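Trainee: Could we go through this structure together before I head back to the bench? I'd like to start with the helix ends and then move on to how the chains meet.

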Amino acid sequence: MWLRTYSTSLYLFLYLPIALIMLFSFNAGRSGLAFECCSVQWFGRAFSNPFIMEALGHSALIASCSAVLATLFGTLAVFGLQRAGGKVRMLFDALTYCAIIIPGIVIGISTLIAFISLFDLINPLLAQVIPGIPRLNMGFFTVVAAHSLFTMALVMVIVRSRVESLDKALQEASADLYAPPLETFWRVTLPQITPAIMAGFLLAFTFSFDDFIIAFFVAGPETTLPIYIFSSIRRGVTPEINAVSTVIIGASLALLFTSRYLQNRRSGASHA
Amino acid sequence: MDAVISPNARHADASDVNIERTQKKRRSLGRRITLLMLLPSTLWFLLLLVMPLMIILVFSFGERSAVGGYAGGLTLANYLNLGSRAAAFSNTLVLAPLGTLVCLLAAYPLAYFLAVKTGKNRSLLLTLVIVPFWTSFLIRTYAWIFILSGKGIPALLASVGLDDVRLINTPYAVLIGIVYGYLPLMVFPIYVSLEKLDKRLLEASADLGASAFESLRRITLPLAAPGIITGVMLVFILLMGEFLIPAVLGGGKVFFVGNALVDLFLQSRNWPFGSALAMTLVTIMLLIIGVYLKLVARYGGKPGEGAL
């Protein structure tokens with residue numbers, strides 16, 4: 001009995017802060033921390049704030065690009081590794097775990113320094129070869145690159161565990177029935193691992209969209225939504241920020257439940 | 001392997017040689033395809049992981065140039081100077097393990113509840129644990145500003161006569177933020193391990209007169225061990241590099257190594273010292289994880305399947 005009570009209170013603990021943000025975004029007053037009922041004005045203000053909209057656009061674009069890259073590179077690598085020798089696999093394992101285990105903040109710092117050093121080296125050369133070319137600088141591409149490194153490792157882990165649990169008999173059956181390797185891949189293997197690839201993509205997108213710390217280092221002058229939110233809560237929480245947060249929470253809920261719905265329909269069973 | 005030509009091949013007739021040639025061609029084509037498939041990821045790992053880490057390793061032995069940034073050199077001064085950031089290290093090394101422990105203690109009963117006591121609505125309850133994990137970490141963290149600052153819990157406490165309780169910008173606030181942020185990450189792997197638990201084992205153990213504690217120690221905990229090991233590692237790794245929670249809820253008074261790193265790289269621009277700090281953090285983390293896994297292996301455990 002006490003277990004049920006405890007679990008219920010833990011759920012309250014998990015949802016109370018989220019509920020508070022949602023409540024406070026309907027604040028009629030101007031203060032972020034005192035509530036007066038009720039108004040939707042802050043949603044309107046947030047959506048007409050050019051800084052917020054710009055940051056939102058950047059975040060969405062960065063998350064899409066880095067998730068596409070990560071999924072593509074990661075999935076290719078998993079299948080490449082199936083064909084490669086044991087030593088290559090071990091090397092890739094080590095690199096993958098490094099990418100996952102090293103704190104995001106260290107990844108952020110080291111890619112920042114590496115990019116700056118690289119650009120300091122390349123920019124003078126480039127300027128000599130093609131005069132008037134814009135200088136390479138921190139920004140959109142550096143964030144995409146840094147995010148896609150970590151998320152590529154995530155995709156590799158997820159897709160690989162699925163590939164390794166595949167029933168080999170199906171592929172052999174397909175080969176026995178004279179399907180060429182590529183057709184076996186296309187019609188037997190790929191359909192079985194598509195859910196894992198999609199899960200990897202979604203995870204990569206979410207990670208990139210939410211990430212603050214790596215982007216904080218490598219974004220240069222570019223503002224992503226988490227960077228915007230962070231710098232505004234430093235100046236004090238506003239109802240406007242709460243409104244933005246409410247929208248983001250709503251969107252991620254919709255995304256999560258859609259993906260679970262799709263997954264359940266596909267497999268007929270519940271996968272967490 | 002291709003370079004070795006078997007002695008028979010020299011005497012083989014023309015058709016054999018032809019077959020061998022096409023086979024060889026096919027093999028080298030296959031190899032080229034494999035290389036091509038591995039090329040993007042290899043490039044990414046080299047350019048964005050190996051090279052950057054090498055660079056901060058080199059930088060950590062360098063000197064700070066007059067304008068900030070890096071000047072070449074070979075000195076241990078940065079490492080010898082680590083003592084000046086001892087507070088950041090001691091905060092991290094106290095609050096990260098403590099946070100992991102509290103997370104574990106809070107998460108275990110819930111994971112057990114989900115795995116053993118729920119029926120039809122398990123999937124929904126499980127989703128409800130994961131949902132916060134999929135919403136922005138930053139947003140979830142700053143939500144605690146509402147609760148912990150003056151108009152939240154302290155105001156409630158004041159109304160029952162407990163005046164002057166300060167929570168925000170204290171280690172307690174950071175600890176609450178940690179448990180709140182990483183609870184789902186701890187619940188999930190433990191749940192995955194416990195899900196396999198056969199309830200009849202618990203009934204049998206109760207029938208045979210074992211106390212609840214005995215059943216926990218001899219049946220449930222050994223089964224949960226892989227999940228606990230994974231959960232503890234995941235949470236601990238993330239906590240060692242934590243920046244956001246202390247920055248948002250610690251208000252500059254409770255700071256982690258992560259906060260010192262942000263200061264050194266983005267404000268005071270002392271890259272070599274920052275690099276030394278980062279290298280030390282990674283080394284300490286790897287050492288602790290190594291010792292932890294050794295200890296775990298000694299007691300016959302091994303990490304379970306990944307979470308998420």
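Mentor: Let us settle one term before we begin: a polar contact is a pair of N or O atoms within 3.5 Å, where within protein one must be able to donate a hydrogen and the other to accept it. Please also keep in mind that this is a predicted model.

Trainee: OK, so what reaches the backbone nitrogen of Phe51(A) at the start of H3(A)?

Mentor: A side-chain oxygen of Asn49(A) does, coming to within 2.9 Å of that nitrogen. The helix that begins there, H3(A), runs over residues 50-83, and its 34 residues reach 50 Å from the first C-alpha to the last, close to the 50 Å expected at 1.5 Å a residue.

Trainee: And which residue caps the N-terminal end of H7(A)?

Mentor: That is Asp167(A), with a side-chain oxygen 3.1 Å from the backbone nitrogen of Ala169(A). H7(A) covers residues 168-176, and after this helix comes Tyr178(A), whose phi is positive, near 70°.

Trainee: How many helices and strands does chain A have?

Mentor: Chain A has eleven helices and zero strands, and its C-alpha trace spans about 70 × 70 × 35 Å along the principal axes.

Trainee: Switching to charges, how many salt bridges are there over all chains?

Mentor: The count comes to six over all chains. One pairs Arg160(A) with Glu164(A), whose closest N and O atoms are 3.1 Å apart.

Trainee: Why are Arg160(A) and Glu164(A) separated by about one helical turn?

Mentor: Because they are four residues apart in helix H6 of chain A, which runs over residues 140-164.

Trainee: What about salt bridges across the interface of chain B and chain A?

Mentor: There the rule finds zero salt bridges, although it does find nine residue pairs in polar contact across the interface.

Trainee: Which helix of chain B gives the largest share of the side that touches chain A?

Mentor: H2(B) does, with 19 residues. By class, that side of chain B has 61 nonpolar, twelve polar and three charged residues.

Trainee: How much area do the two chains bury between them?

Mentor: About 7100 Å², of which 84% is on carbon and sulfur atoms. In chain B, Phe45(B), Trp134(B) and Phe146(B) lose the most area to chain A, together 11% of what that side buries. Counted by residues, the contact takes 76 from chain B and 79 from chain A.

Trainee: Last one, how is chain B divided into domains?

Mentor: The assignment gives domain 1 as residues 7-59 and domain 2 as residues 85-298, and the C-alpha centres of these two domains of chain B lie 44 Å apart.

Methods. Residues numbered from 1 in each chain as written. Chains lettered and ligands numbered in written order. Predicted model: local features only at pLDDT ≥ 70, side-chain atom pairs only at ≥ 80, totals over all residues. Heavy atoms only, no water. Domains from an automatic or database assignment. Contact = heavy atoms within 4.5 Å. Buried area = accessible area lost by both parts, 1.4 Å probe. Salt bridge = Lys/Arg side-chain N within 4 Å of Asp/Glu carboxyl O. Helix = DSSP H or I, 4+ residues; strand = E, 2+ residues; numbered from the N terminus. Nonpolar A, V, L, I, M, F, W, Y, C, P; charged D, E, K, R; others polar. Expected span 1.5 Å × (residues − 1).
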